[in-house]
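Hi everyone, thanks for making time. I'll walk you through a few spots in a structure that's new to most of you, so keep the picture in view while I talk.

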Amino acid sequence: MEEIRVFCPATIANISCGFDVLGVALDAVGDEMVVRKIPEKGIIITKIEGQELPLVTEKNVAGVAGLALLKQSNYEGGFEIEIYKKIKAGSGIGSSAASSTGAVWAMNELLGKPFTTLDLVKFSMEGERLASGVAHADNVAPALFGGFTLVRSYSPLDVIAMPSPQALYATVIHPQIEVKTADSRKVLKTNITLADGIKQWGNVGGLVAGLYTSDYDLIGRSLIDHIVEPIRSILIPGFNDVKKSAEKAGALGCGISGSGPSIFSFSKGEETAQKVALSMKKVYQTIGIEYDVHVSKINTEGIKKVS
């Protein structure tokens with residue numbers, strides 16, 4: 001195989017209580033990439049459609065992640081990449097992660113899969129380092145593994161793939177403002193109280209237990225962030241109103257997707273998820289902010305080949 005086209009899913013990171021460690025892949029929205037082998041060593045990005053992003057390899061997250069893979073590979077040639085962006089940069093649903101993971105997953109396929117999925121996470125994290133200044137894995141891990149993932153440890157890297165309850169749906173609303181991950185990290189505190197830490201750890205454990213047992217009520221009770229959301233929500237117009245309306249419409253819980261400005265909610269069943277979408281829309285229609293809305297089942301496969 002000399003060429004491959006792949007779908008690279010959008011992702012929700014943090015999932016309220018799991019800052020930098022929890023993430024989930026979505027099925028309804030994502031980028032597409034075409035990657036092909038070339039005889040010359042290195043990586044060339046020949047086309048980007050949908051967003052204005054750099055074609056220079058070292059300034060593009062897909063290029064940087066791909067170079068990390070090539071550095072560890074015995075392959076004497078290189079790769080050419082085309083990127084078709086459907087996920088807007090700065091949207092909070094893993095735009096940089098989609099490009100980083102799509103590139104390395106496709107390259108690994110073309111090389112006969114010499115690298116493990118965990119290896120691909122490490123390579124993709126270099127793209128995240130370029131995008132945000134921090135090599136976090138909470139977006140790239142679910143994009144590569146599919147479903148929900150827990151980054152148990154960063155040193156050494158240890159990623160746990162977790163089950164996805166069958167009836168669980170995500171609703172994501174993206175107000176048309178940009179919040180850069182690097183900027184949203186600057187507002188965070190570097191210290192937390194022991195009391196907040198205890199509450200947060202309890203919710204992370206509860207959410208993981210809820211996923212394994214398909215306990216939707218437990219999942220909902222655990223979608224509470226005592227540490228990051230109170231600070232970052234200030235950057236998102238109408239956040240509190242969106243959250244209240246989503247929960248009133250039947251959402252299990254609601255929070256900031258990644259670094260924002262997108263807001264996510266989980267619901268049991270697609271019908272409720274659609275009602276939640278309508279409730280979210282009404283808030284932004286009232287305050288006059290343009291938005292995109294996505295209702296999606298959980299993508300348990302992750303990145304996949306497109307015929």
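**A walk from α1 to α6**

Let's begin with α1, where the buried residues are V61, A62, G63, V64, A65, G66, A68, L69 and L70. One thing to say up front: this is a predicted model. Helix α1 runs over residues 61–71, and nine of its 11 residues are buried, so we can call it mostly covered by the under-20% cut-off for relative accessible area.

What do the buried residues of α1 pack against? The answer is β2, β3, β4, α2 and α3, the last of these being residues 117–132. Have a look at the start of α1 too: there, a side-chain oxygen of N60 comes to within 2.8 Å of the backbone nitrogen of A62.

Now over to I43, which sits in strand β3, residues 42–49. Is I43 buried or exposed? I43 has a relative accessible area of 8%, so it counts as buried. If we skip neighbours within four places in sequence, I43 is in contact with T57, G63, G66, L67, L70, F79, I81 and M107. And here's a distance to try on your screen: I43 and A62 are 19 residues apart in sequence, with their C-alphas 9.4 Å apart in space.

Next stop, S91. You'll find S91 in the loop between β4 (78–84) and α2 (95–110). S91 counts as buried because its relative accessibility is 2%. Its side chain reaches the backbone oxygen of K88 at 2.7 Å. Leaving out residues up to four places away in sequence, S91 touches H174, G260, P261 and S262.

Last one: helix α6, residues 194–213, which is where I198 is found. α6 has 20 residues and reaches 28 Å from first C-alpha to last, close to the 28 Å expected at 1.5 Å a residue. Its buried residues are G197, Q200, N203, V204, G206, L207, V208, G210 and L211. Keep the helix geometry in mind here: with 3.6 residues a turn, residues three or four places apart point the same way. What covers the buried residues of α6 includes β2 (22–38), β5 (148–154), β6 (157–162) and α7 (216–222).

On the surface, L194, I198 and W201 make a nonpolar patch of about 380 Å². And just after α6, S214 takes a positive phi of about 55°.

That's my tour, so over to you for questions.

Key: Residues numbered from 1 in each chain as written. Predicted model: local features only at pLDDT ≥ 70, side-chain atom pairs only at ≥ 80, totals over all residues. Heavy atoms only, no water. Helix = DSSP H or I, 4+ residues; strand = E, 2+ residues; numbered from the N terminus. Buried < 20%, exposed > 50% of the residue type's maximum accessible area, 1.4 Å probe, protein only. Polar contact = N/O pair within 3.5 Å; in protein donor to acceptor, adjacent residues only side chain to side chain. Contact = heavy atoms within 4.5 Å. Patch = residues over 30% accessible without salt bridge, like charges linked within 9 Å, V, L, I, M, F, W, Y side chains within 5 Å. Areas by Shrake-Rupley, 256 points an atom, 1.4 Å probe, with all protein chains shown as cover. Salt bridge = Lys/Arg side-chain N within 4 Å of Asp/Glu carboxyl O. Expected span 1.5 Å × (residues − 1).
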